[in-house]
Amino acid sequence: MEKLPLKGVRSGITFGIAHGAWVLLRGEIKIALPAILSTTILGCLLAMLYIYTGRSTLAPIIAHVLINMVIEPWLMLSVISGKWKINKSLK
């Protein structure tokens, strides 16, 4: 497997910022920074998967869908329903 090129790292950073932007726009920095960091790492891993599978987008898309379905269903429901609440101890 080839090394993750700079484009893959930039892709991961863009992925992280794009996925954390909705929290940043609400001004919830204490939540935004860990969200951006974790999704940046995930973005880099998905970029590595993209490179490993011969630059096919199918594997990263399937991985992203599985992550959303299995690991983060509560997040999707809270965003869709608009019932996202910040824990007051985090403010």
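**T40 and the helix packing**

Me: Which residues does T40 touch, leaving out those up to four places away in sequence?
Reply: T40 touches G12, I13 and G16, where contact means heavy atoms within 4.5 Å.

Me: Before I go on, what am I looking at here?
Reply: This is a predicted model, in which local features need pLDDT of at least 70 and side-chain atom pairs count only at pLDDT 80 or more, while totals for chains, interfaces and linings use all residues. Residues are numbered from 1 along each chain as its sequence is written, and side-chain values use heavy atoms, with hydrogens and water left out.

Me: Thanks! And where does T40 sit?
Reply: T40 is in helix α2. Helices (H or I, at least four residues) and strands (E, at least two) are DSSP runs, numbered from the N terminus.

Me: Is T40 buried or exposed?
Reply: T40 has a relative accessible area of 14%, so it counts as buried. The cut-offs are under 20% for buried, over 50% for exposed and partly exposed in between, with a 1.4 Å probe and protein chains only.

Me: OK, zooming out, how many helices and strands does the chain have?
Reply: There are four helices and zero strands in the protein chain, and the pattern along the sequence reads α-α-α-α.

Me: What share of the chain is buried?
Reply: Of the 91 residues in the protein chain, 25% are buried.

Me: And what about contacts between residues far along the sequence?
Reply: Taking contacts between residues at least 6 apart in sequence, 60% join residues at least 24 apart.

Me: Back to α2, then. At what angle does it pack with α1?
Reply: Helix α1 (residues 6-25) and helix α2 (residues 29-52) pack at about 150 degrees, and their axes are 7 Å apart. Axes are lines fitted to C-alpha atoms, for helices over the stretch in contact, and angles run from 0 to 180 degrees between N-to-C directions.

Me: Is that crossing left-handed or right-handed?
Reply: The crossing of α1 and α2 is right-handed. A crossing is called left-handed if the near helix is turned anticlockwise from the far one by less than a right angle, and right-handed if clockwise.

Me: Which residues meet there?
Reply: On the α1 side they include G8, G12, I13, F15, G16 and G20. On the α2 side you'll find I36, T39, T40, G43 and L46 among them. By class, the contact of α1 with α2 has 14 nonpolar, eight polar and no charged residues. Ala, Val, Leu, Ile, Met, Phe, Trp, Tyr, Cys and Pro count as nonpolar, Asp, Glu, Lys and Arg as charged, and the others, Gly among them, as polar.

Me: How do α2 and α3 pack?
Reply: α2 and α3 pack at about 145 degrees, with axes 8 Å apart. L42, L46, L49 and Y50 of α2 make the contact with A59, P60, A63, H64 and I67 of α3. That contact of α2 with α3 has eight nonpolar, one polar and no charged residues.

Me: New topic: what's odd about the phi of R55?
Reply: R55 has a positive phi of about 65 degrees although it is not a glycine. R55 is in the loop between α2 and α3, and its relative accessible area of 46% makes it partly exposed.

Me: Where is T57?
Reply: T57 is also in the loop between α2 and α3. T57 counts as partly exposed, at 48% relative accessibility. The C-alpha atoms of T57 and A47 are separated by 9.3 Å, and the two residues are ten apart along the chain.
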